[in-house]
Amino acid sequence: MQRYGLIGKALGHSFSKEFFTDKFKREGLADHRYDLFELADISDFPQLVQADPELRGMNVTLPYKQSVIPYLTSLDPLAAAVGAVNTIAIRNGELIGHNTDVFGFRSLVEPIIGSLRDPGSDVRPRALVLGSGGASRAVAYVLREAGIRFRIVSRDRSRGELTWDMVDRTIVSVCKLIINTTPMGMHPNVEEAPPLPYEALTTKHVLVDLIYNPERTRFLKHGEEMGTRTIGGLAMLHAQAEEAWRVWKG
Ligand SMILES: NC(=O)c1ccc[n+]([C@@H]2O[C@H](COP(=O)([O-])OP(=O)(O)OC[C@H]3O[C@@H](n4cnc5c(N)ncnc54)[C@H](OP(=O)(O)O)[C@@H]3O)[C@@H](O)[C@H]2O)c1
């Protein structure tokens, strides 16, 4: 048996088990299995790995993408540059950290980057990244790579350039790309949305929510009400999961 799984604190929202169980079935991999492992604390992680010698790979979700790093043998160069891990390959007792959120987010935004630039203008587009956790780091990496200027909004000034109370209509109107990397609005808290002046959105804005459950979050619905283009996190989930599979298969 080859075992894979997802670690996180609360996994009621996750689609990963269905994704990999379907994939293993489609590919005739009857000896492969994917499970969800809810960990109350990341310090429980080594015990989980030691207890199951059949584990070949893990995915990591909130809030452990950064706190898992000290428990790994090494990081691949991309995960080291990002500073967050969402995929772990387990080979000969070694745990190697990777980041496939970068691949997933890149595939989500690459098609829209061109539309953010004003025709004939050299001005780099601006973005707002909501939240400063593990996924935010992968998003920041891709935005830097794409030459998009961005500011991070955090509950704590030490983790972002802006706190939520500083995000006014002017900031929203200037930042044409807004990416939610917080869990606000995620199942089961579907009535929540990041506190923003949504009335400043226009048809030139693009809202991206990394949340995929629900597919249309309240954040995205606020954008739709203003005629703004919206993108949910499901395509990213699939892209990062396929990339994780490529990592595990070497
Ligand atoms: N579609 C995909 O493939 C995909 C991939 C990765 C992540 N995601 C989704 O992205 C979200 C974040 O995941 P993550 O792993 O980055 O989690 P994380 O490491 O816990 O980071 C989330 C960040 O959001 C902010 N935050 C958390 N709770 C908040 C609250 N109640 N109010 C305001 N801000 C809050 C925090 O930033 P501050 O402390 O700076 O405020 C926190 O660091 C989750 O919903 C996850 O499912 C989706």
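## Valine 60 and its contacts

Two residues are in contact here if their C-beta atoms, placed from the backbone, lie within 7 Å. With that in hand, welcome to this predicted model, and let us start at valine 60, which lies in strand β3. Leaving out residues up to four places away in sequence, valine 60 touches Ile7, Lys65, Val68, Val85, Asn86 and Ile88.

Is valine 60 buried or exposed? Valine 60 is buried, because 29 other C-beta atoms lie within 10 Å, and 20 or more are enough for a residue to count as buried. Arginine 151 sits 91 residues away along the chain, and the C-alpha atoms of valine 60 and arginine 151 are separated by 25 Å.

## Two domains

The domain assignment divides the protein into domain 1 (2-99) and domain 2 (102-235). Their C-alpha centres lie 27 Å apart. Where they meet, 14 residues of domain 1 are in contact with 12 residues of domain 2. On the domain 1 side, the touching residues divide into 7 nonpolar, 6 polar and 1 charged.

## Around the ligand

Which residues come nearest to the ligand? Of the 29 residues around the ligand, these are Leu62, Gly131, Gly133, Ser154 and Gly233. Three elements give two or more residues to this shell: α4 (101-116), α5 (134-145) and α8 (234-248).

Both domains take part, as domain 1 (2-99) and domain 2 (102-235) each supply at least three residues to the shell. By type, the shell around the ligand has 11 nonpolar, 13 polar and 5 charged residues.

## Helix α5

Let us look at α5, one of the helices that contribute to the ligand shell. α5 has 12 residues and reaches 17 Å from its first C-alpha to its last, close to the 16 Å expected at 1.5 Å a residue. How much of α5 is buried? The count is 10 of its 12 residues, so α5 is largely enclosed by the rest of the structure.

The buried residues of α5 are Gly134, Ala135, Ser136, Arg137, Ala138, Val139, Ala140, Tyr141, Val142 and Leu143. Their cover includes α3 (77-82), α4, β7 (126-130), β8 and β10. After α5 comes glycine 147, which has a positive phi near 75°.

## Helix α8

Another contributor to the ligand shell is α8. This helix has 15 residues and spans 21 Å from its first C-alpha to its last, close to the 21 Å expected at 1.5 Å a residue. The buried residues of α8 are Met236, Leu237, Gln240, Ala241, Glu243, Ala244 and Trp248. Viewed down the axis of α8, these buried residues fall within an arc of 165°, so they line one face of the helix.

What do the buried residues of α8 pack against? Their partners are β1 (2-8), α1 (16-26), β3 (55-60), β5 (87-91) and α4. Just after α8, glycine 250 takes a positive phi of about 70°.

## Glycine 160

Glycine 160 has its place in the loop between β8 (149-154) and β9 (162-163). Glycine 160 is buried, because 20 other C-beta atoms lie within 10 Å, and 20 is the number at which a residue begins to count as buried.

Beyond its neighbours within four places in sequence, glycine 160 is in contact with Ser132, Ile152, Val153 and Ser154. Ser154 has already appeared among the residues that come nearest to the ligand. Leucine 130 is 30 residues away from glycine 160 along the chain, and their C-alpha atoms are separated by 9.2 Å.

## Backbone details to look for

Most residues other than glycine have a negative phi, and most peptide bonds are trans. Here are some places to check against that background. Asparagine 92 is not a glycine, yet its phi is positive, at about 50°. Asparagine 92 is found in the loop between β5 and β6 (94-98), and it counts as exposed because it has 5 C-beta neighbours inside 10 Å.

Which peptide bonds are cis? One runs from leucine 62 to proline 63, with omega near 5°, and proline 63 lies in the loop between β3 and β4 (74-75). Leucine 62 is also among the residues that come nearest to the ligand. Another cis peptide bond joins histidine 187 and proline 188, with omega about 5°. Proline 188 lies in the loop between β10 (177-180) and β11 (206-209).

Terms used
Residues are numbered from 1 along each chain as its sequence is written. This is a predicted model: local features need pLDDT of at least 70, side-chain atom pairs count only at pLDDT 80 or more; totals for chains, interfaces and linings use all residues. A residue is near a molecule or strand if its C-beta atom, placed from the backbone, lies within 6 Å of it. Helices (H or I, at least four residues) and strands (E, at least two) are DSSP runs, numbered from the N terminus. Ala, Val, Leu, Ile, Met, Phe, Trp, Tyr, Cys and Pro count as nonpolar, Asp, Glu, Lys and Arg as charged, and the others, Gly among them, as polar. Domain bounds come from an automatic or database domain assignment. The expected span of a helix is 1.5 Å times one less than its number of residues. The arc is that of the directions from the helix axis to the C-beta atoms.
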